[in-house]
Amino acid sequence: MSTPPRATPPRVPPADRGATRIADRVVAKIAAQAAREALTAPPEQAAAPHATVTVHHDIARVRVSLELAYPSDLAAQCAAVRGRVVGRIEEYTEMSVPEVDIDIEHLHSTHTRSAAGRDRRLR
């Protein structure tokens, strides 16, 4: 006796199968890592970049807080961070990123750091 062939369920189009939701905190971690990658030479005592993200549908609004070395080209560093953050979020999540706000929390002076190091060694 042979078994009857199984009935295969009808194919459901991918759009009708469900949805994937990526949590805001996951997108924020992607943004913070991207900001860290964009800073070619972060100050030694600087805190790691921190990001907060608000996602609405497939649109992510990002705010990155970071510390930068001074003197340096702050605008170029911020542009590099924005570009890397937008690229990584779009690549990994396929979300649109219309804005990346950057808060420079603190500037670390290379002159002050080297002078402080010299003072400690002389004592």
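A residue counts as partly exposed when its relative accessible area lies between the 20% below which residues are buried and the 50% above which they are exposed. In this predicted model, Y70 has a relative accessible area of 41%, so Y70 is partly exposed. This tyrosine is found in strand β2. Together with I104 and L107, Y70 forms a nonpolar patch on the surface, and the three residues have about 250 Å² of accessible area together.

It helps to place this patch in the overall fold. The protein chain contains three helices and three strands, which follow one another from the N terminus in the order α-β-β-α-β-α. Of the 123 residues in the chain, 27% are buried. The chain exposes about 9000 Å², and carbon and sulfur atoms supply 53% of that area. Among contacts with a separation of 6 or more, 67% join residues 24 or more positions apart.

Turning to the interior, the largest nonpolar core has 25 residues. Within this core, the residues with the most contacts are A60, V62, V64, V81, V85 and I89. At least two core residues come from each of α1 (24-38), β1 (50-56), β2 (59-70), α2 (74-93) and β3 (96-109). Helix α1 provides the largest share, eight residues.

V62 offers a handy view of these surroundings. Leaving aside residues up to four places away in sequence, V62 touches A31, T52, V53, V85, I89, V97, E99, V100 and D101. Two of these partners, V85 and I89, are also listed with V62 among the residues with the most contacts inside the core.

Definitions and conventions. Residues numbered from 1 in each chain as written. Predicted model: local features only at pLDDT ≥ 70, side-chain atom pairs only at ≥ 80, totals over all residues. Heavy atoms only, no water. Helix = DSSP H or I, 4+ residues; strand = E, 2+ residues; numbered from the N terminus. Buried < 20%, exposed > 50% of the residue type's maximum accessible area, 1.4 Å probe, protein only. Contact = heavy atoms within 4.5 Å. Areas by Shrake-Rupley, 256 points an atom, 1.4 Å probe, with all protein chains shown as cover. Core = buried A, V, L, I, M, F, W, Y, C linked by side-chain atoms within 4.5 Å. Patch = residues over 30% accessible without salt bridge, like charges linked within 9 Å, V, L, I, M, F, W, Y side chains within 5 Å. Salt bridge = Lys/Arg side-chain N within 4 Å of Asp/Glu carboxyl O.
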